[in-house]
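Let's take a walk through this structure together. Have a look at it first, and then we'll go through a few spots one by one.

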Amino acid sequence: MIDFTHHQSAHCENGVVSNLMKHNGFSISEPMVFGIGSGLLFCYIPLLKVNHAPVITYRALPGHIFKKFAKRTGVKMKREKFSNPKDAKARLDENLEKNNPVGLQVGVYNLVYFPDEYRFHFNAHNMVVYGKEGNRYLISDPVMEDVTSLSEKELEKVRFAKGAFAPKGHMYYPISFPEKLELEKAIVKGIKDTCKAMLAPVSFVGVKGIHKIAGLIRKWPKKKGIKTANHYLGQVVRMQEEIGTGGGGFRYIYAAFLQEAGKLLGNEKLIELSKEMTEIGDLWRDFALEASRIYKNRSAQTDSYNKVADQLDHIADLEKVFFKKLKRAV
């Protein structure tokens with residue numbers, strides 16, 4: 001067993017990176033990891049299906065947060081994937097014998113310690129393995145309150161889950177660090193990258209992507225039928241509120257990052273924008289509440305699909321203004 005301290009977080013990948021950094025002597029918060037790693041995103045991916053519905057992501061692709069965070073702070077990391085479960089197990093055991101905790105990408109569906117309502121086919125979850133006792137691996141899952149464990153067979157099953165974003169035994173861990181993390185430059189690079197993505201002139205990404213989804217929500221009932229429209233709308237909300245985001249499609253975590261970054265850089269504008277981002281997060285929550293009433297058949301409103309679409313269009317307009325201001329602030 002490695003002497004590893006478990007810290008609960010709002011989102012798995014941020015939490016894994018923050019915990020691994022803290023283990024190696026660098027006190028980096030989850031929001032700081034997320035902001036420097038340009039984790040905030042909105043993207044509609046119609047060709048990719050999860051749970052028989054198009055993917056809507058509110059975050060960067062799996063692994064990209066750690067990759068960008070490491071590059072911008074001067075941390076060197078190693079990432080590995082495997083075609084053979086035996087090789088994946090051997091490499092994991094080798095690291096544990098060297099007292100080196102590692103991050104893993106896994107599938108959620110077969111995570112036996114998750115409540116049943118959270119176990120569905122989603123392969124971009126992250127955890128830390130920090131030891132082994134007999135045939136059980138010791139697990140620090142950042143979204144859980146306490147540490148847990150999985151048997152060798154249970155861990156292999158989630159490491160080699162099938163489907164979209166199949167992890168293929170993906171493991172990652174830092175291998176060297178600078179004497180001091182130069183956070184100031186890393187923060188500015190992270191913010192600029194996020195602004196670029198959210199203001200991208202592409203119909204499926206950023207604020208344009210939010211408008212795109214709003215337009216589709218208006219069409220789904222007639223084009224797809226009420227049952228499918230409700231299923232698709234449920235997917236939008238689930239990806240926003242339940243997939244480890246800490247709520248509001250990561251807006252609250254990003255607001256916390258801007259507040260911390262503003263203090264570190266002595267930039268009052270970032271602290272002001274942090275409050276604005278929190279308010280936008282509240283609007284995302286309001287949208288989720290109204291949308292959930294529709295797909296649970298509890299909405300008393302007529303023309304309810306158009307009304308939640310209007311909410312999204314309003315959010316997109318606010319975020320367009322917000323990210324232009326944020327870009328100027330740095």
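Which residues do ring pairs link into a cluster? They are Phe34, Phe250, Tyr254 and Phe257. Keep in mind as you look around that this is a predicted model.

Aromatic rings turn up in pairs elsewhere too, and the structure holds 14 aromatic pairs. Take Phe322 and Phe323: their ring centres sit 5.0 Å apart with the planes at 90°, so this pair is edge-to-face; planes over 60 degrees apart get that label. Phe322 has a relative accessibility of 0% and counts as buried. Phe323 is buried as well, with a relative accessible area of 0%.

Now hop over to helix H1, which spans residues 12–23 and is home to Leu20. With a relative accessible area of just 1%, Leu20 is buried, because anything under 20% gets that name. Leu20 and Val128 are 108 residues apart along the chain, yet their C-alpha atoms are separated by 8.1 Å.

For a change of scene, head out to the surface. There you'll find a positive patch formed by Lys67, Lys71, Arg79, Lys81, Lys168, Lys185 and Lys189. Helix H3 (64–73) and helix H6 (183–198) are the elements that give two or more residues to this patch. Lys81, another member of the patch, lies in the loop between strand S3 (76–80) and helix H4 (85–97). Is Lys81 buried or exposed? Its relative accessible area is 52%, so Lys81 is exposed, the cut-off for that being over 50%.

Methods. Residues are numbered from 1 along each chain as its sequence is written. This is a predicted model: local features need pLDDT of at least 70, side-chain atom pairs count only at pLDDT 80 or more; totals for chains, interfaces and linings use all residues. Side-chain values use heavy atoms; hydrogens and water are left out. Patches are made of residues with over 30% relative accessible area and no salt bridge: like charges are joined within 9 Å, nonpolar side chains (Val, Leu, Ile, Met, Phe, Trp, Tyr) within 5 Å. Accessible areas come from the Shrake-Rupley method with a 1.4 Å probe; for residues, only the protein chains shown count as cover. A salt bridge is a side-chain nitrogen of Lys or Arg within 4 Å of a carboxyl oxygen of Asp or Glu. Lys and Arg count as positive and Asp and Glu as negative; His and the chain ends are not counted. The place of a charge is taken as NZ of Lys, CZ of Arg, CG of Asp or CD of Glu. Helices (H or I, at least four residues) and strands (E, at least two) are DSSP runs, numbered from the N terminus. Buried means under 20% relative accessible area, exposed over 50%, partly exposed in between (1.4 Å probe, protein chains only). Rings of Phe, Tyr and Trp (its six-membered ring) pair if their centres lie within 6.5 Å; planes under 30 degrees apart count as stacked, over 60 as edge-to-face and the rest as tilted.
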